[in-house]
Amino acid sequence: MKYSMAEEIKVFRSWSSRFALRIIWALKLKGLEFDTVYEDLTNKSPLLLQYNQIHKKVPVLVHNGKVICESLVILEYIDETWKQNPLLPEDPHQQANARFWAKFGDDKVLQSIWGGVFLKEGKEQEEGVAASMENLKYLEEEIRGKKFFGGETIGLADIALGWLAHYLDIFEEIVGVKLIDHEKFPSLAAWKQEFANAPIIRENWPDRDKLVTKYVAMREANLGKGTPK
Amino acid sequence: MATVFTAEPKAFPKQAAKEKSPAPTSRLDGIVEESLSFTLAEELFVTSTVAVTLLDTRVSPFGMRVRIALEQKGAKYEFSEQDLRNKGPILLEMNPVYKKVPVLIHNGKPICESLIAVQYIDEVWNNKSPLLPSDPYQRAQSRFWADFVDNKVYFPGRKTWTKKGQELEAGKNGLIESLKLLEGELGDKPYFEGDKLGYVDVALIPFYSWFHGYETFGNFSIEAECPKLIAWCKRCIQNESVSKSLPDPQEVYVFFMELRKKLGLE
């Protein structure tokens, strides 16, 4: 049906965006060929600004001229358009569950770790750590007994939470705070390993050293030290 | 405002239960402890005998979304008003992560987060009134705009009645900007997805019941800024599923006033 070689798939991303990475994973997990347009987010291309007028962000997917924005929306589009290696289960309740954890990841986990821990220091950071731990506890309970959030195979929630399996280590290293340790969150720590080393996933992580440099600069800029990027 | 039952509700004999204290034959096996507080037992009895229960509050725009969706599908359900200042055991049991409304409970299993619940309803009650389009690209557009409503309407709108001074103005401007973008997206169509009430309409229309409050405390007129959107609102209200599910704006105003008093704004 949709496996034709006349398909044109283009992804607008930046080299480091953990949101854009979700799209790369999804397309590759489905075995799809696509073109990549790397954006410099400090100097966005007119095309990006035209395609994503509302948010002006990456990722953007363009499929045969159709433009889709917002990573979780794009993931659902990909899953509905190309049926191989499904990211969502068929059962509606399980689908709702997968969407719930993907959204929890963005609304709570990402917010608390990025905004509350990584970009903060001192007492504010301590509060951020406490909030992050609370959120991670829910993930721990959800992943217990499962290989992936999606069950036996990588699903929507794994992809949405996937940044935890690479970027989190970097954040933890930079701020000197361990959030997912093997003792407190054994199941989540095991999932991290499993996901980070999964085929496709393990081949597509952005360069670690480059990420460290980038994030050190972002943290310093946010805390008012050093020169902003 | 009339209750939202579309047919005879499965009567939960509350009075009888208080006298007899029945042991619940709950589908939440393993979770139910021997020594239950009476309220939890009572509530579990409801959820195991009524197929669809909605934990909600009348004024919640997120709850309204789920109500509209259920009504559109002709699905029978029990509306269970929650006291958010004194959260009951069933709410805490069914939504331990957020402890918020709405929570849709279907055959004993909870679905949390309003848009997720609306999508679930659309999937399960798929024999009538589809809310999301069938084409994946159209579905992506609907999901995009519903997500936009969540992020760019609710939060700025909230500032118009919970803040003052510059923060209020920022909220007002943000809200108007978002509503104008939505107006642009609507264009000349009767509804966001075309001829019939759909997913984006369901995501946005509940806020119409909050507009009066926004306008009063924010001191502005949404109709003056976005006349086409208000026309769309009035069109939506012609649908019974919407008119049954939205509270009177006066009720919302009272809710806003109570919260404003707590925030020291009155």
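In this predicted model, B:Pro102 sits in the loop of chain B that runs between helix H4 (89-94) and strand S3 (103-106). The bond leading into that proline is a cis peptide: B:Val101 and B:Pro102 are joined with omega at about 0°. Chain A has a cis bond as well, from A:Val58 to A:Pro59, with omega near 0°. A:Pro59 belongs to the loop between helix H2 (46-51) and strand S3 (60-63) of chain A.

That loop of chain A, between H2 and S3, also holds A:Lys56. A:Lys56 is not a glycine, yet its phi is positive, at about 60°. With a relative accessible area of 39%, A:Lys56 is partly exposed. Chain B offers another case in B:Ser129, again a non-glycine with a positive phi, here about 45°. B:Ser129 lies in the loop between H5 and H6 of chain B, and it is partly exposed at a relative accessible area of 26%.

As for the overall make-up of chain B, there are 14 helices and four strands. Of its 266 residues, 53% are buried. Among contacts in chain B with a separation of 6 or more, 69% are between residues 24 or more positions apart.

One helix pair in chain B can be looked at in detail. Helix H3 (residues 61-72) and helix H5 (residues 114-124) of chain B have axes that come within 9 Å and cross at roughly 5°. Angles under 35 degrees count as roughly parallel, so H3(B) and H5(B) are roughly parallel to each other. On the H3(B) side the contact is made by B:Phe62, B:Arg65, B:Val66, B:Ala69 and B:Leu70, and on the H5(B) side by B:Ser114, B:Leu115, B:Ala117, B:Val118 and B:Ile121. By type, the residues of this contact come out as eight nonpolar, one polar and one charged.

H5(B) is largely enclosed by the rest of the structure, because nine of its 11 residues are buried. The buried residues of H5(B) are B:Ser114, B:Leu115, B:Ile116, B:Ala117, B:Val118, B:Gln119, B:Tyr120, B:Ile121 and B:Asp122.

On to the charged pairs. Side chains of opposite charge can pair when their charged atoms come close. Over all chains, the structure holds 27 salt bridges. One network of salt bridges draws on both chains, linking A:Glu76, A:Glu80, A:Arg99, B:Arg139 and B:Arg143.

Within that network, B:Arg139 is part of helix H6 (residues 136-152) of chain B. B:Arg139 is buried, its relative accessible area being 13%, which falls under the 20% cut-off for that class. Setting aside neighbours within four places in sequence, B:Arg139 is in contact with A:Glu80 as well as with B:Glu123, B:Leu132, B:Pro133 and B:Ser134. From B:Arg139 to B:Asp150 the C-alpha to C-alpha distance is 17 Å, for a sequence separation of 11 residues.

Other salt bridges lie within chain A. A:Glu127 and A:Lys123 pair at 3.0 Å, N to O. These two residues are about one helical turn apart, because they are separated by four residues in helix H5 (residues 122-143) of chain A. A:Glu127 is partly exposed at 47% relative accessibility, while A:Lys123 is exposed at a relative accessible area of 60%.

A:Lys178 and A:Glu172 form another salt bridge, with 3.1 Å between the closest N and O atoms. Here A:Lys178 is partly exposed at 44% relative accessible area, whereas A:Glu172 is buried at 7%. A:Lys184 is bridged to A:Asp181, where the closest N and O atoms are 3.7 Å apart. A:Lys184 is exposed, with a relative accessible area of 51%.

Finally, the domain records for chain A. An unreviewed UniProt entry lists "domain: GST N-terminal" at residues 7-86 of chain A. In the model this span is 36% helix and 21% strand, and its end C-alpha atoms lie 19 Å apart. UniProt (unreviewed entry) also places "domain: GST C-terminal" at residues 91-215 of chain A. Residues 91-215 of chain A are 66% helix and 0% strand, with the end C-alpha atoms 39 Å apart.

Methods. Residues are numbered from 1 along each chain as its sequence is written. Chains are lettered from A and ligands numbered from 1 in the order in which they are written. This is a predicted model: local features need pLDDT of at least 70, side-chain atom pairs count only at pLDDT 80 or more; totals for chains, interfaces and linings use all residues. Side-chain values use heavy atoms; hydrogens and water are left out. UniProt positions are given in the numbering used here, feature names are shortened, and annotations may be inferred rather than shown by experiment. A salt bridge is a side-chain nitrogen of Lys or Arg within 4 Å of a carboxyl oxygen of Asp or Glu. Buried means under 20% relative accessible area, exposed over 50%, partly exposed in between (1.4 Å probe, protein chains only). Axes are lines fitted to C-alpha atoms, for helices over the stretch in contact, and angles run from 0 to 180 degrees between N-to-C directions. Angles under 35 degrees count as roughly parallel, over 145 as roughly antiparallel, 65 to 115 as roughly perpendicular and the rest as oblique. Contact means heavy atoms within 4.5 Å. Ala, Val, Leu, Ile, Met, Phe, Trp, Tyr, Cys and Pro count as nonpolar, Asp, Glu, Lys and Arg as charged, and the others, Gly among them, as polar.
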